[in-house]
Amino acid sequence: DTRVGRASMGNWDCPSGGGPCDMVPGMAISSTPKGFGFYYKYSTPGVDTASAYVNLMAAGVGVSGGWAALLPTSTWTFQSMTMFTPGTPPDSAFISFESGRWMSAVNNSTLLVDDVKFHYCNEVANIDGPTSVCINSSGVIFSINNEFANGYSWSTTTGTINGSSTMQSVMIDNIAPNGKITVIKNYADGCPPMTFNLPITVTAASTANAGISQTICSADSLVSVSGSVTGATGGNWTTSGTGTFM
């Protein structure tokens, strides 16, 4: 169907004169992944659905795989599918993305795909959030990506959790001396949970002192003031009265 745009890692080998087409793998793999995932954006001027398909192969024969329908979204959205463990370990993979439904696709549907990956239970992820926080701060947000996830469990050795500790992000109040933020991430494809940590450096709150109080005459043309700040690299002088700073 010429209305369907297709991008693939691998290709279809179709004999002349018709007949079944064979999938020619496009990516070598050395072991069986637990999951397959990617980020995508999808827009369509009508009612249409994009799709993703992956087939794990051994010696040219399919042994496992998956398919997913991709609904319209204007933001980068992570989509994953579980790869069931085959009896024969795969040696390669065929991956295909299509921008519309075969035989009923809508012209000018656009599918963008990024960061295609297999999941081998060895994710390296970072907790997003500040690593240096003022003491007693509240409402500080930390989060982790949702790739292949089906659950989260947050904890902390600094401050207290405000609200749920089982969402993709967490809010920490009453930040105390140095500690860390921890999340245990559970996976939907059968990989064991993994623990991720973020050390937090807590700094003292800054203070400012404008100096001793003074009583001056209105005719004085110059008044010296001397102040100090702690926990900061500097400060700015302001006044609610008259006069200018020199």
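Visitor: Let's start with Ser64: buried or exposed?
Guide: The cut-offs on relative accessible area, taken with a 1.4 Å probe on protein chains only, are under 20% for buried, over 50% for exposed, and partly exposed in between. Ser64 comes in at 10%, so it counts as buried.

Visitor: What kind of model am I looking at, and what pLDDT do local features need?
Guide: Residues are numbered from 1 along each chain as its sequence is written, and side-chain values use heavy atoms, with hydrogens and water left out. This is a predicted model, where totals for chains, interfaces and linings use all residues, side-chain atom pairs count only at pLDDT 80 or more, and local features need pLDDT of at least 70.

Visitor: Which strand does Ser64 lie in?
Guide: Strands here are DSSP runs of E, at least two residues long, numbered from the N terminus. The run that holds Ser64 spans residues 61-70, and its label is S6.

Visitor: Which residue's backbone oxygen does the side chain of Ser64 reach?
Guide: Contact means heavy atoms within 4.5 Å. Leaving aside neighbours within four places in sequence, Ser64 has contacts that include Val54, Leu56, Met83 and Phe84. A polar contact is stricter: a pair of N or O atoms within 3.5 Å, where, within protein, one must be able to donate a hydrogen and the other to accept it, and residues adjacent in sequence count only if both atoms are side-chain atoms. At 2.7 Å, the backbone oxygen that the Ser64 side chain reaches belongs to Phe84.

Visitor: Which strands stand at the edges of the three-stranded sheet?
Guide: Two strands pair if DSSP finds at least two bridges between them. The three strands form an open, antiparallel sheet in the order S7-S4-S9. Each edge strand has a single partner, so one side of it has no neighbour in the sheet; these strands are S7 (73-82) and S9 (110-119).

Visitor: How many bridges join S4 to S7?
Guide: S4 covers residues 35-43 and runs antiparallel to S7. One match between them puts Gly35 opposite Thr82. The bridges that join the two strands number seven.

Visitor: Where does Asp115 lie?
Guide: Most residues other than glycine have a negative phi. Asp115 goes the other way, with phi near 55°. Its relative accessibility of 36% makes it partly exposed, and its place in the chain is strand S9.

Visitor: Where does Asn136, another residue with positive phi, lie?
Guide: Phi of Asn136 is near 70°. At 59% relative accessibility, Asn136 counts as exposed. Its place is the loop between S10 and strand S11 (140-143).

Visitor: Which side chains along S11 are buried?
Guide: The side chains of S11 alternate between two faces. Ile141 and Ser143 point to one face and are not buried, while the other face has the buried pair, Val140 and Phe142.

Visitor: What is the bridge partner of Val140?
Guide: S11 runs antiparallel to strand S14 (residues 169-173), and four bridges join them. In S14, Val140 is matched with Ile172.

Visitor: Which strands are at the edges of the four-stranded sheet?
Guide: This is an open sheet with mixed pairing, in the order S10-S16-S15-S12. The strands that pair on one side only are S10 and S12 (149-156).

Visitor: What is the bridge partner of Val133 in S16?
Guide: S10 and S16 pair in the parallel sense, over three bridges. In S16, the residue matched with Val133 is Val202.

Visitor: Is the disulfide of Cys14 and Cys21 right-handed or left-handed?
Guide: A disulfide is counted when two cysteine sulfur atoms are within 2.5 Å, and Cys14 and Cys21 have theirs at 2.0 Å. Both ends are partly exposed, Cys14 at 42% and Cys21 at 33%. The torsion about the S-S bond is about 115°, so the link is right-handed.

Visitor: How many residues apart are Cys121 and Cys191?
Guide: These two cysteines are joined by a disulfide, a left-handed one with -80° about the S-S bond. Cys121 is in the loop between S9 and S10, while Cys191 is in the loop between S15 and S16, a separation of 70 residues.

Visitor: Which of the two counts as buried, Cys121 or Cys191?
Guide: Cys121 is partly exposed at 28% relative accessibility. At 5%, the buried one is Cys191.
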